[in-house]
Amino acid sequence: MERLKIALLQISPCGSLEKNLEKGIQSCRQAKKQGADIALFPEMWSNGYAIHERPAEEWRKEAIPADSDFVNNFSRLAGELDMAIGITLLEKYGDGVRNTLVLFDRLGERKLTYAKVHTCDFSVERNLTPGEAFYVTELDTACGIVKAGAMICYDREFPESARILMLKGAELILVPNACPMEINRLCQLRARAYENMLAVATCNYPESVPDCNGRSTVFDGVAYLPDEEDSRDMCILDAGVEEGIYIAELDLEQLREYRKNEVHGNTYRHPLKYGVLTKTGVEEPFIREDCRR
């Protein structure tokens, strides 16, 4: 199998739905010319994540349905280009709005609609409706089938997000993003890839967008190779801060062989001992007598 080429569209928004659609289409076409099998947008591309420093009642009006013309344009484009596309939007959802990714395969078929589960409720995102679950799909690409799931930005802060996707079979997690990618956030992405033996591809806005700094990344999830004595750097792409379309080549055969033989992920878990993870609080007292035995 050839290497899966993932295009991270680290591009700046244009100030309107119509202009973002036009630029998004152009960027996908450029990604295809660069050989991409998948193109991924940064978080909430439909309105450029322009939800800060404005009244919520104003930006909520910019929400569009997941089956809107804006989204369906990328369905048609995916089929035309023979390239999977992950398009992001501020989604109109019932009486609320969501932070959403819609993933189309290379035939233009809608394979996954994911709404951000861990909304930043300490900030303006408290006005969003959180998603309900994490999903994995078999994504048809020109490079073959890849099992793909999604997280969005703040989801990465919670190890359970990637762990659930791994348990559902994900080989690749697509992560639209809109925040400064500093060392600790980058380390979180690296950790999610390492501990679950999967690839994590994150697309951020460039530094020209307020409170963003580019640094889109792909970690391939392969920490060790049989012919190498030491561990290896899993980062196969670390984009700069500038606007651009950045391509990472993911060796799926290598990743799948690694998952068969290495000890992370689901290999030695003890799920029956993890019951506290499903509770909303922490057991008191935090230090128990029986833990000292």
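**View 1. The annotated domain, end to end.** Over residues 2-252 of this predicted model, the chain is 23% helix and 29% strand, with the end C-alpha atoms 8 Å apart. That stretch comes from UniProt, where an unreviewed entry places the feature "domain: CN hydrolase" at residues 2-252.

**View 2. Helix 4 and what sits over it.** Helix 4 spans residues 159-167, and here Ser-161, Ala-162, Leu-165 and Met-166 are buried. Look down the helix axis and those buried residues fall within an arc of 130 degrees, so they line one face of helix 4. What covers them? Strand 6 (136-141), strand 7 (144-150), strand 8 (172-176) and helix 5 (183-196) are among the elements that do.

**View 3. Leaving helix 4.** Just past the end of helix 4 comes Gly-169, with a positive phi of about 105 degrees. Glu-171 also belongs in this frame, as it lies in the loop that runs between helix 4 and strand 8.

**View 4. Glu-171 and its neighbours.** Is Glu-171 buried or exposed? It's buried: its relative accessible area is 8%, and the cut-off for buried is under 20%. Leaving aside residues up to four places away in sequence, Glu-171 touches Val-146, Lys-147, Leu-198, Ala-199, Leu-255, Arg-256 and Arg-259. Val-146 and Lys-147 fall within strand 7 (144-150), which also helps cover the buried residues of helix 4.

**View 5. The largest pocket.** This one holds about 660 Å³ of space. Its lining runs to 33 residues, and Gly-48, Tyr-49, Ala-50, Ile-51 and His-52 are the ones nearest the centre. If you're after the chemical make-up, the lining of the largest pocket splits into 16 nonpolar, eight polar and nine charged residues.

**View 6. The second largest pocket, with helix 4 in the wall.** Here the space comes to about 410 Å³. A set of 18 residues lines the second largest pocket, and nearest its centre are Glu-160, Arg-163, Ile-164, Arg-269 and Leu-277. Which element gives the most to this lining? That's helix 4, with five residues. By class, the lining of the second largest pocket has ten nonpolar, two polar and six charged residues. Keep View 2 alongside for the buried residues of helix 4, namely Ser-161, Ala-162, Leu-165 and Met-166.

Notes: Residues are numbered from 1 along each chain as its sequence is written. This is a predicted model: local features need pLDDT of at least 70, side-chain atom pairs count only at pLDDT 80 or more; totals for chains, interfaces and linings use all residues. Side-chain values use heavy atoms; hydrogens and water are left out. Buried means under 20% relative accessible area, exposed over 50%, partly exposed in between (1.4 Å probe, protein chains only). Helices (H or I, at least four residues) and strands (E, at least two) are DSSP runs, numbered from the N terminus. The arc is that of the directions from the helix axis to the C-beta atoms. Contact means heavy atoms within 4.5 Å. On a 1 Å grid over the protein atoms alone, a cavity is a set of points where a 1.4 Å probe fits but cannot get out, and a pocket is an open set with protein on both sides within 12 Å along at least five of seven lines; lining residues have an atom within 4 Å of a point. Grid points are joined across faces, edges and corners, and a volume is the space filled by probe spheres set on the points. Ala, Val, Leu, Ile, Met, Phe, Trp, Tyr, Cys and Pro count as nonpolar, Asp, Glu, Lys and Arg as charged, and the others, Gly among them, as polar. UniProt positions are given in the numbering used here, feature names are shortened, and annotations may be inferred rather than shown by experiment.
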